[in-house]
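Here is a friendly walk through a protein model and the ligand it holds. Please keep the viewer open as you read.

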Amino acid sequence: MSRITLIVAATRTNGIGENGKLPWHLPKEMSYFQRVTCNAPPGQRNAVVMGRHTWESIPEKYRPLKDRVNMVISRKENYHFGELVQVHRDLASAMEQLRSQTEPAVNRTFLIGGAMLYSACLQLPKTSPIAFVDRVLLTRIIAPSFDRCNVFMPDFLGEWIGAPDFNGWSQATPEAMNEWVGFEVPEGVQEENGTQYEFQLWVRDA
Ligand code: FOL
């Protein structure tokens, strides 16, 4: 079974998108995304798995995302994603390919969106032969509220029930987070373009 890390930037109400694009422009947050997803041992690469809408939301000049194995999940038959991208009909097939792939060897797998894949993956049980999401790298957008968001990720922490155990998720300490991502992540509330946000890592037992 493969473990996946979900990476996302979301508002407090879990807004992640607005009409097919990111609702904010946060260059430093984006370079954090790039640095985390690219960070692999010499000779290895991380994989980024995404749905078609997310692929289309990435500016053409940045896709496929460089220095990463790009995998798009899509059932479209006559859609040209380009030569450097692997297209799979479902997550099971993508994960199977990643497990067997040796050139380049794949280190970590990041699920980078969007809403549909986030939901599908978060629902996979520990025992799933396909994959299990055991980490969420969440950039919590604190303010403003970005009320125009019309795409949302599931509330994986289950805060609406007031669940004291956050549905089995717990937040890693800053030290544990730095160790896992492999560099020092800025701690506390960040501010960029009048937007406040915080880098967090959530984990659950596999
Ligand atoms: N996770 C986080 N923390 N922030 C995000 O913005 C984010 N975005 C997505 C998924 N997880 C995220 C999906 N959307 C690019 C654009 C949109 C996108 C993901 C990536 C992109 O163009 N990335 C380039 C960096 C370009 C730049 O430097 O501006 C890359 O190389 O990663």
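What follows goes from the overall fold to the ligand shell, then to two helices and a few backbone details.

Please bear in mind that this is a predicted model. The protein is built from 5 helices and 11 strands. Its C-alpha trace extends about 40 × 35 × 35 Å along the principal axes. For 206 residues, a compact globule would be expected to have a radius of gyration near 17 Å, and the 16 Å found for the protein agrees with that. Of these 206 residues, 31% are buried. The chain also brings distant parts of the sequence together: among contacts between residues at least 6 apart in sequence, 69% join residues at least 24 apart.

Now to the ligand. The shell around the ligand consists of 19 residues, and the closest are Ala9, Gln34, Tyr62, Ile112 and Thr139. Sorted by class, the shell has 11 nonpolar, 6 polar and 2 charged residues. Where does the largest share of the shell come from? Helix H1 supplies it, with 5 residues. Strand E1 (3-11), helix H1 (27-38) and helix H2 (52-57) each give at least two residues to the shell.

H1 deserves a closer look. With 12 residues at 1.5 Å a residue, H1 should span 16 Å, and its end C-alpha atoms are indeed 16 Å apart. Glu29, Tyr32, Phe33, Val36 and Thr37 are the buried residues of H1. Viewed down the helix axis, the buried residues of H1 fall within an arc of 115 degrees, so they line one face. That fits a simple rule: an α-helix has 3.6 residues a turn, so residues three or four places apart point the same way. Pro27 and Ser31, on the other side of H1, are exposed.

Helix H3 (residues 91-100) can be read in the same manner. Its buried residues include Leu91, Ala94 and Met95. These residues lie on the same side of H3, because they cover an arc of only 95 degrees around the axis. The cover over the buried residues of H3 includes strand E3 (44-51), strand E4 (69-73), strand E5 (86-88) and helix H4 (115-122).

Finally, some backbone details. Most residues other than glycine have a negative phi, and most peptide bonds are trans. The table lists sites that depart from these habits.

| Site | Feature | Value |
|---|---|---|
| Asn14 | positive phi | near 70 degrees |
| Asn19 | positive phi | near 50 degrees |
| Glu103 to Pro104 | cis peptide bond | omega near 0 degrees |
| Ala143 to Pro144 | cis peptide bond | omega near 0 degrees |

Each of these sites can be found in a loop. Asn14 sits between E1 and strand E2 (15-17), while Asn19 is in the loop between E2 and H1. Is each asparagine buried or exposed? Asn14 is buried, because 21 other C-beta atoms lie within 10 Å, and 20 or more are needed to count as buried. Asn19 has 10 C-beta neighbours inside 10 Å and therefore counts as exposed, the limit for that being 12 or fewer. As for the prolines, Pro104 lies in the loop between H3 and strand E6 (105-111). Pro144 has its place in the loop between strand E7 (132-143) and strand E8 (151-152).

Note on methods:
Residues are numbered from 1 along each chain as its sequence is written. This is a predicted model: local features need pLDDT of at least 70, side-chain atom pairs count only at pLDDT 80 or more; totals for chains, interfaces and linings use all residues. A residue is near a molecule or strand if its C-beta atom, placed from the backbone, lies within 6 Å of it. Helices (H or I, at least four residues) and strands (E, at least two) are DSSP runs, numbered from the N terminus. Ala, Val, Leu, Ile, Met, Phe, Trp, Tyr, Cys and Pro count as nonpolar, Asp, Glu, Lys and Arg as charged, and the others, Gly among them, as polar. The arc is that of the directions from the helix axis to the C-beta atoms. Two residues are in contact if their C-beta atoms, placed from the backbone, lie within 7 Å. The expected span of a helix is 1.5 Å times one less than its number of residues. The radius of gyration is taken over C-alpha atoms; the globule rule is 2.2 Å times the number of residues to the power 0.38.
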